[in-house]
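Visitor: I would like a close look at a single part of this protein, namely the pairing of strands in its sheet and whatever packs against that sheet. Please take me through it in one connected account.

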Amino acid sequence: MLPRFICLPILTLVLCQAVHAKFPDDPKACKYGDAACIIKFINTLISEKGLQGDDDLNLLKLDPYTVSKMNIKQGGDSPVNIDLTFTNNDIIGLSNLKFKKAKGFGKDLAKKHELLFHAPSLRLVGPYDIKGKVLVLPISGSGKSNITLVNPDFIASFVGKPVVKDGQTYMEATNFKLNTKAERLWYYFGNLFNGDKALGDNMNAFLNENWHAIFLECQESVQAAFSEVFQNIITTVFSKYPYEKFFVDQ
(Lines give C-alpha, C1' and ligand atoms only; values in the text may rest on other atoms or scores of the structure.)
Protein backbone atom coordinates (compact mmCIF):
# COMPACT_ATOMS: atom_id res chain seq x y z
CA MET A 1 0.00 0.00 0.00
CA LEU A 2 1.38 3.42 -0.98
CA PRO A 3 2.00 5.98 1.77
CA ARG A 4 -0.57 8.74 2.12
CA PHE A 5 1.88 11.45 1.07
CA ILE A 6 2.29 9.64 -2.29
CA CYS A 7 -1.38 8.71 -2.78
CA LEU A 8 -2.70 12.25 -2.33
CA PRO A 9 -0.72 13.86 -5.19
CA ILE A 10 -1.56 10.94 -7.49
CA LEU A 11 -5.28 11.26 -6.71
CA THR A 12 -5.14 15.02 -7.27
CA LEU A 13 -3.42 14.52 -10.63
CA VAL A 14 -6.01 11.96 -11.79
CA LEU A 15 -8.90 14.24 -10.83
CA CYS A 16 -7.34 17.21 -12.60
CA GLN A 17 -6.79 15.18 -15.75
CA ALA A 18 -10.43 14.05 -15.69
CA VAL A 19 -11.73 17.59 -15.31
CA HIS A 20 -9.40 19.16 -17.86
CA ALA A 21 -9.47 16.34 -20.40
CA LYS A 22 -9.30 17.66 -23.94
CA PHE A 23 -12.27 17.12 -26.24
CA PRO A 24 -11.23 14.94 -29.20
CA ASP A 25 -10.48 16.64 -32.54
CA ASP A 26 -12.32 14.08 -34.66
CA PRO A 27 -15.14 14.83 -35.08
CA LYS A 28 -14.61 18.48 -34.20
CA ALA A 29 -16.79 20.29 -31.68
CA CYS A 30 -19.58 22.57 -32.97
CA LYS A 31 -20.76 26.03 -32.04
CA TYR A 32 -23.67 26.20 -29.63
CA GLY A 33 -26.96 25.62 -31.42
CA ASP A 34 -25.35 25.03 -34.84
CA ALA A 35 -27.86 22.43 -36.06
CA ALA A 36 -26.08 21.59 -39.33
CA CYS A 37 -22.76 21.04 -37.57
CA ILE A 38 -24.35 19.02 -34.76
CA ILE A 39 -26.06 16.70 -37.27
CA LYS A 40 -22.79 16.22 -39.15
CA PHE A 41 -20.97 15.57 -35.86
CA ILE A 42 -23.45 12.89 -34.76
CA ASN A 43 -23.62 11.16 -38.16
CA THR A 44 -19.81 11.10 -38.47
CA LEU A 45 -19.46 9.71 -34.96
CA ILE A 46 -22.02 6.96 -35.51
CA SER A 47 -20.80 5.95 -38.98
CA GLU A 48 -17.15 5.78 -37.92
CA LYS A 49 -17.46 4.59 -34.31
CA GLY A 50 -20.88 2.98 -33.97
CA LEU A 51 -19.79 -0.60 -34.54
CA GLN A 52 -17.04 -0.60 -31.92
CA GLY A 53 -17.93 2.33 -29.66
CA ASP A 54 -15.61 5.21 -28.74
CA ASP A 55 -14.07 5.61 -25.28
CA ASP A 56 -13.00 9.19 -26.08
CA LEU A 57 -16.67 10.21 -26.17
CA ASN A 58 -18.22 7.48 -24.03
CA LEU A 59 -20.10 6.24 -27.07
CA LEU A 60 -21.35 2.76 -26.31
CA LYS A 61 -21.05 0.00 -28.88
CA LEU A 62 -24.22 0.41 -30.95
CA ASP A 63 -24.26 -2.72 -33.09
CA PRO A 64 -25.39 -4.90 -31.60
CA TYR A 65 -26.64 -2.91 -28.61
CA THR A 66 -27.56 -5.31 -25.82
CA VAL A 67 -30.59 -4.60 -23.64
CA SER A 68 -30.66 -6.62 -20.44
CA LYS A 69 -34.41 -6.23 -20.01
CA MET A 70 -37.24 -4.50 -21.85
CA ASN A 71 -40.87 -4.75 -20.80
CA ILE A 72 -43.92 -3.82 -22.87
CA LYS A 73 -47.03 -3.95 -20.75
CA GLN A 74 -50.33 -3.04 -22.32
CA GLY A 75 -53.55 -3.36 -20.34
CA GLY A 76 -56.78 -1.64 -19.46
CA ASP A 77 -59.51 -1.56 -22.08
CA SER A 78 -57.10 -1.92 -24.99
CA PRO A 79 -57.82 -4.74 -27.45
CA VAL A 80 -54.12 -5.54 -27.13
CA ASN A 81 -53.66 -6.67 -23.53
CA ILE A 82 -50.21 -8.18 -23.09
CA ASP A 83 -47.29 -8.51 -20.74
CA LEU A 84 -44.22 -8.91 -22.97
CA THR A 85 -40.69 -9.12 -21.59
CA PHE A 86 -37.47 -9.25 -23.61
CA THR A 87 -34.36 -10.42 -21.77
CA ASN A 88 -30.77 -9.99 -22.98
CA ASN A 89 -31.90 -8.91 -26.44
CA ASP A 90 -29.76 -7.33 -29.14
CA ILE A 91 -30.89 -4.25 -31.02
CA ILE A 92 -29.36 -4.47 -34.50
CA GLY A 93 -29.15 -1.49 -36.85
CA LEU A 94 -28.33 1.47 -34.58
CA SER A 95 -25.02 2.03 -36.39
CA ASN A 96 -27.06 2.85 -39.52
CA LEU A 97 -29.00 5.68 -37.88
CA LYS A 98 -29.03 8.90 -39.89
CA PHE A 99 -29.80 12.11 -38.04
CA LYS A 100 -31.68 14.74 -40.03
CA LYS A 101 -32.58 17.62 -37.71
CA ALA A 102 -31.50 19.01 -34.37
CA LYS A 103 -32.92 21.72 -32.15
CA GLY A 104 -31.57 23.17 -28.93
CA PHE A 105 -28.02 22.44 -27.69
CA GLY A 106 -27.43 26.11 -26.88
CA LYS A 107 -25.46 27.56 -24.00
CA ASP A 108 -28.36 26.94 -21.63
CA LEU A 109 -28.34 23.16 -21.39
CA ALA A 110 -31.48 23.13 -19.19
CA LYS A 111 -33.75 23.85 -22.15
CA LYS A 112 -35.52 21.40 -24.48
CA HIS A 113 -33.42 19.55 -27.06
CA GLU A 114 -34.77 17.62 -30.03
CA LEU A 115 -33.35 15.16 -32.55
CA LEU A 116 -35.00 13.70 -35.65
CA PHE A 117 -33.45 10.54 -37.10
CA HIS A 118 -34.12 7.56 -39.35
CA ALA A 119 -32.94 3.98 -39.81
CA PRO A 120 -33.33 1.60 -42.77
CA SER A 121 -34.34 -1.06 -40.23
CA LEU A 122 -34.02 -1.93 -36.57
CA ARG A 123 -34.29 -5.45 -35.20
CA LEU A 124 -34.83 -6.58 -31.63
CA VAL A 125 -33.64 -10.17 -31.37
CA GLY A 126 -33.43 -12.54 -28.42
CA PRO A 127 -35.37 -14.33 -25.68
CA TYR A 128 -38.92 -13.26 -24.89
CA ASP A 129 -41.82 -14.18 -22.65
CA ILE A 130 -45.40 -13.17 -23.45
CA LYS A 131 -48.89 -13.72 -22.10
CA GLY A 132 -52.17 -11.97 -22.73
CA LYS A 133 -54.52 -11.24 -25.61
CA VAL A 134 -53.95 -9.63 -29.03
CA LEU A 135 -57.15 -8.24 -30.53
CA VAL A 136 -59.46 -11.26 -30.16
CA LEU A 137 -56.88 -14.01 -29.69
CA PRO A 138 -55.08 -15.24 -26.56
CA ILE A 139 -51.29 -15.45 -26.81
CA SER A 140 -48.66 -17.10 -24.64
CA GLY A 141 -45.16 -18.43 -25.06
CA SER A 142 -41.48 -18.05 -24.39
CA GLY A 143 -38.52 -18.57 -26.70
CA LYS A 144 -36.64 -16.50 -29.29
CA SER A 145 -38.21 -13.55 -31.07
CA ASN A 146 -37.37 -11.13 -33.86
CA ILE A 147 -39.18 -7.80 -34.06
CA THR A 148 -38.20 -5.77 -37.13
CA LEU A 149 -39.07 -2.13 -37.80
CA VAL A 150 -38.74 -1.19 -41.46
CA ASN A 151 -37.75 2.40 -42.27
CA PRO A 152 -38.58 3.77 -38.83
CA ASP A 153 -38.51 7.52 -38.18
CA PHE A 154 -37.89 8.86 -34.68
CA ILE A 155 -38.29 12.20 -32.96
CA ALA A 156 -36.53 12.28 -29.61
CA SER A 157 -36.88 15.19 -27.20
CA PHE A 158 -35.49 15.75 -23.74
CA VAL A 159 -34.66 18.45 -21.22
CA GLY A 160 -31.10 18.85 -20.05
CA LYS A 161 -30.48 18.60 -16.32
CA PRO A 162 -27.32 20.30 -14.99
CA VAL A 163 -25.19 17.92 -12.93
CA VAL A 164 -22.21 19.49 -11.14
CA LYS A 165 -19.13 17.32 -10.58
CA ASP A 166 -15.79 18.67 -9.38
CA GLY A 167 -16.97 22.21 -10.07
CA GLN A 168 -17.86 21.41 -13.69
CA THR A 169 -21.38 21.21 -15.18
CA TYR A 170 -22.41 18.10 -17.09
CA MET A 171 -25.72 17.37 -18.85
CA GLU A 172 -28.09 14.56 -18.03
CA ALA A 173 -31.00 13.86 -20.40
CA THR A 174 -34.32 13.95 -18.51
CA ASN A 175 -38.02 14.00 -19.43
CA PHE A 176 -37.07 11.91 -22.44
CA LYS A 177 -39.83 11.36 -25.01
CA LEU A 178 -39.73 9.36 -28.22
CA ASN A 179 -42.17 9.43 -31.12
CA THR A 180 -41.89 6.56 -33.59
CA LYS A 181 -43.38 5.79 -36.99
CA ALA A 182 -42.51 2.83 -39.18
CA GLU A 183 -43.28 1.83 -42.76
CA ARG A 184 -43.77 -1.78 -41.65
CA LEU A 185 -43.30 -4.08 -38.68
CA TRP A 186 -42.55 -7.77 -38.81
CA TYR A 187 -43.13 -10.00 -35.81
CA TYR A 188 -41.77 -13.47 -35.15
CA PHE A 189 -42.22 -15.30 -31.87
CA GLY A 190 -40.78 -18.80 -31.68
CA ASN A 191 -42.17 -21.54 -29.44
CA LEU A 192 -45.61 -20.00 -28.95
CA PHE A 193 -48.23 -22.11 -27.19
CA ASN A 194 -45.65 -24.54 -25.76
CA GLY A 195 -44.20 -25.23 -29.18
CA ASP A 196 -47.44 -26.03 -31.03
CA LYS A 197 -46.21 -25.25 -34.57
CA ALA A 198 -49.65 -24.89 -36.18
CA LEU A 199 -50.93 -22.49 -33.53
CA GLY A 200 -47.62 -20.59 -33.49
CA ASP A 201 -47.52 -20.19 -37.27
CA ASN A 202 -51.12 -19.00 -37.34
CA MET A 203 -50.48 -16.48 -34.56
CA ASN A 204 -47.36 -15.07 -36.26
CA ALA A 205 -49.31 -14.74 -39.51
CA PHE A 206 -52.14 -12.99 -37.65
CA LEU A 207 -49.71 -10.58 -35.97
CA ASN A 208 -48.11 -9.65 -39.28
CA GLU A 209 -51.42 -9.23 -41.07
CA ASN A 210 -52.59 -6.86 -38.34
CA TRP A 211 -49.23 -5.25 -37.55
CA HIS A 212 -50.43 -1.65 -37.93
CA ALA A 213 -53.45 -1.95 -35.63
CA ILE A 214 -51.31 -3.76 -33.04
CA PHE A 215 -48.56 -1.13 -33.24
CA LEU A 216 -51.02 1.72 -32.78
CA GLU A 217 -52.42 0.07 -29.65
CA CYS A 218 -48.94 -0.57 -28.21
CA GLN A 219 -47.22 2.55 -29.54
CA GLU A 220 -46.90 4.38 -26.23
CA SER A 221 -45.55 1.32 -24.43
CA VAL A 222 -43.08 0.59 -27.24
CA GLN A 223 -41.91 4.21 -27.34
CA ALA A 224 -41.42 4.28 -23.57
CA ALA A 225 -39.31 1.10 -23.73
CA PHE A 226 -37.08 2.41 -26.53
CA SER A 227 -36.85 5.83 -24.86
CA GLU A 228 -34.79 4.23 -22.10
CA VAL A 229 -32.31 2.93 -24.70
CA PHE A 230 -31.75 6.29 -26.42
CA GLN A 231 -31.76 8.20 -23.14
CA ASN A 232 -29.00 5.97 -21.81
CA ILE A 233 -26.88 6.41 -24.95
CA ILE A 234 -27.20 10.21 -24.90
CA THR A 235 -26.64 10.63 -21.15
CA THR A 236 -23.60 8.34 -21.26
CA VAL A 237 -22.00 10.44 -24.02
CA PHE A 238 -22.62 13.71 -22.19
CA SER A 239 -21.23 12.29 -18.95
CA LYS A 240 -17.73 12.15 -20.46
CA TYR A 241 -16.99 15.90 -20.48
CA PRO A 242 -18.51 19.05 -19.02
CA TYR A 243 -21.26 20.31 -21.33
CA GLU A 244 -19.27 23.36 -22.47
CA LYS A 245 -16.46 21.15 -23.79
CA PHE A 246 -18.77 19.71 -26.47
CA PHE A 247 -18.94 23.14 -28.08
CA VAL A 248 -16.68 25.99 -29.19
CA ASP A 249 -17.30 29.69 -28.57
CA GLN A 250 -19.12 31.65 -31.23
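Guide: In this predicted model, strand β6, residues 121–134, and strand β7, residues 137–150, are paired in the antiparallel sense over 14 bridges. Within this pairing, V134 stands opposite L137 in β7. The two strands belong to an open sheet of five strands, whose order is β2-β3-β6-β7-β10 and whose pairing is antiparallel. Its edges are formed by β2 (65–74) and β10 (184–189), each of which pairs on one side only, and from one strand to the next the twist averages 25 degrees.

Two helices can be placed relative to these strands. Helix α3, made up of residues 197–209, packs on the sheet and touches β6, β7 and β10, with its direction making about 165 degrees with that of β10. Helix α4, residues 211–238, lies across β2, β3 (80–92), β6 and β10, and runs at about 140 degrees to β2. Strand β6 is thus among the strands touched by α3 and among those that α4 lies across, as is the edge strand β10.

As for the setting of this part, the protein as a whole has four helices and eleven strands, and 44% of its 250 residues count as buried. Of the contacts with a separation of 6 or more, 69% are accounted for by residues 24 or more positions apart. The accessible surface comes to about 13600 Å², and 55% of that area belongs to carbon and sulfur atoms.

Definitions and conventions
Residues are numbered from 1 along each chain as its sequence is written. This is a predicted model: local features need pLDDT of at least 70, side-chain atom pairs count only at pLDDT 80 or more; totals for chains, interfaces and linings use all residues. Side-chain values use heavy atoms; hydrogens and water are left out. Buried means under 20% relative accessible area, exposed over 50%, partly exposed in between (1.4 Å probe, protein chains only). Contact means heavy atoms within 4.5 Å. Accessible areas come from the Shrake-Rupley method with a 1.4 Å probe; for residues, only the protein chains shown count as cover. Two strands pair if DSSP finds at least two bridges between them. Axes are lines fitted to C-alpha atoms, for helices over the stretch in contact, and angles run from 0 to 180 degrees between N-to-C directions.
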